[in-house]
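Let's take a friendly walk through this structure. Have the sequence and the 3D view ready.

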Amino acid sequence: MITDPISDMFTRIRNANTKLHEKVDIPSSKVKVEIAKILKDEGYISNYKNIEDRKQGLLRVYLKYAQSGESVIKGIKRVSKSSLRIYKGYEDMPKTVGGLGITIVSTSKGLLTDKRARKEKIGGEVIAYIW
């Protein structure tokens, strides 16, 4: 049993990146699909696909590498956990690696990046840092 499915998703992506895998399969959920959509829009993964099976479904994430063969994702850190929730207002929204990375925030308008949350003046739960 997985206690934190989002942390599990990040760990699978981190491990696949370390081994330079082309893709990684993750048990699917709506939140994980939204995270994958943000990662694709921000250029951290090349694509993702939701594969239906007769159970939960699979989210297949296609990883992205530079021409030199090094991973585009340098790091992923889960911030808010089930044991400790971290909330920030839009004025206090943290910048990842001095603005070079992204922060994923769960808001009343769904999952947003820190830049978009600041623009729309919405605070929320800080889910993860990605750089």
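What follows is a short tour of the core, a pair of helices and two buried residues.

## The main core

Keep in mind that this is a predicted model. A good place to start is the inside. In soluble globular proteins, nonpolar side chains tend to be buried together. Here, the largest nonpolar core has 25 residues. Within that core, the residues that touch the most other members are Ile13, Ile35, Ile104 and Ile130. Several elements chip in with two or more residues each: the helices α1 (5-18) and α2 (30-41), plus the strands β1 (23-27), β3 (58-63), β6 (102-107) and β8 (124-130).

There's also a second, separate core of five residues. Val105, Leu112, Ala117 and Ile122 are among its members.

## A look around Ile104

Which residues does isoleucine 104 contact, once neighbours within four places in sequence are set aside? Isoleucine 104 meets Ile35 and Ile38, then Leu111 and Leu112, and also Glu125, Val126, Ile127, Ala128 and Ile130. Two of those names, Ile35 and Ile130, should ring a bell from the main core's list of residues touching the most other members.

## Two helices crossing

Now for α1 and α2. Two packed helices are described by the angle between their axes and the distance between the axes. For this pair, the axes come within 10 Å and cross at roughly 40°, so α1 and α2 are oblique to each other. The crossing of α1 past α2 is right-handed.

Who meets whom? On the α1 side you'll find Pro5, Ile6, Met9, Phe10 and Ile13, and these meet Val31, Lys32, Ile35, Ala36 and Leu39 of α2. Sorted by class, that contact has nine nonpolar residues, one charged residue and no polar ones.

## Two buried spots

Is isoleucine 76, in strand β4 (residues 76-78), buried or exposed? Its relative accessibility is 7%, so isoleucine 76 counts as buried. Apart from neighbours within four places in sequence, isoleucine 76 contacts Phe10, Ile13 and Arg14, along with Tyr129, Ile130 and Trp131. Isoleucine 76 and alanine 36 are 40 residues apart along the chain, and their C-alpha atoms are separated by 13 Å.

Threonine 96 sits in the loop between β5 (87-88) and β6. With 4% relative accessibility, threonine 96 counts as buried too. Not counting residues up to four places away in sequence, threonine 96 touches Gly101, Ile102 and Thr103, and also Tyr129, Ile130 and Trp131. Tyr129, Ile130 and Trp131 are thus contacts of isoleucine 76 and of threonine 96.

Technical notes: Residues numbered from 1 in each chain as written. Predicted model: local features only at pLDDT ≥ 70, side-chain atom pairs only at ≥ 80, totals over all residues. Heavy atoms only, no water. Core = buried A, V, L, I, M, F, W, Y, C linked by side-chain atoms within 4.5 Å. Buried < 20%, exposed > 50% of the residue type's maximum accessible area, 1.4 Å probe, protein only. Helix = DSSP H or I, 4+ residues; strand = E, 2+ residues; numbered from the N terminus. Contact = heavy atoms within 4.5 Å. Axes fitted to C-alpha atoms, helices over the stretch in contact; angles between N-to-C directions. Parallel < 35°, antiparallel > 145°, perpendicular 65-115°, else oblique. Left-handed = near helix turned anticlockwise from the far one by under 90°. Nonpolar A, V, L, I, M, F, W, Y, C, P; charged D, E, K, R; others polar.
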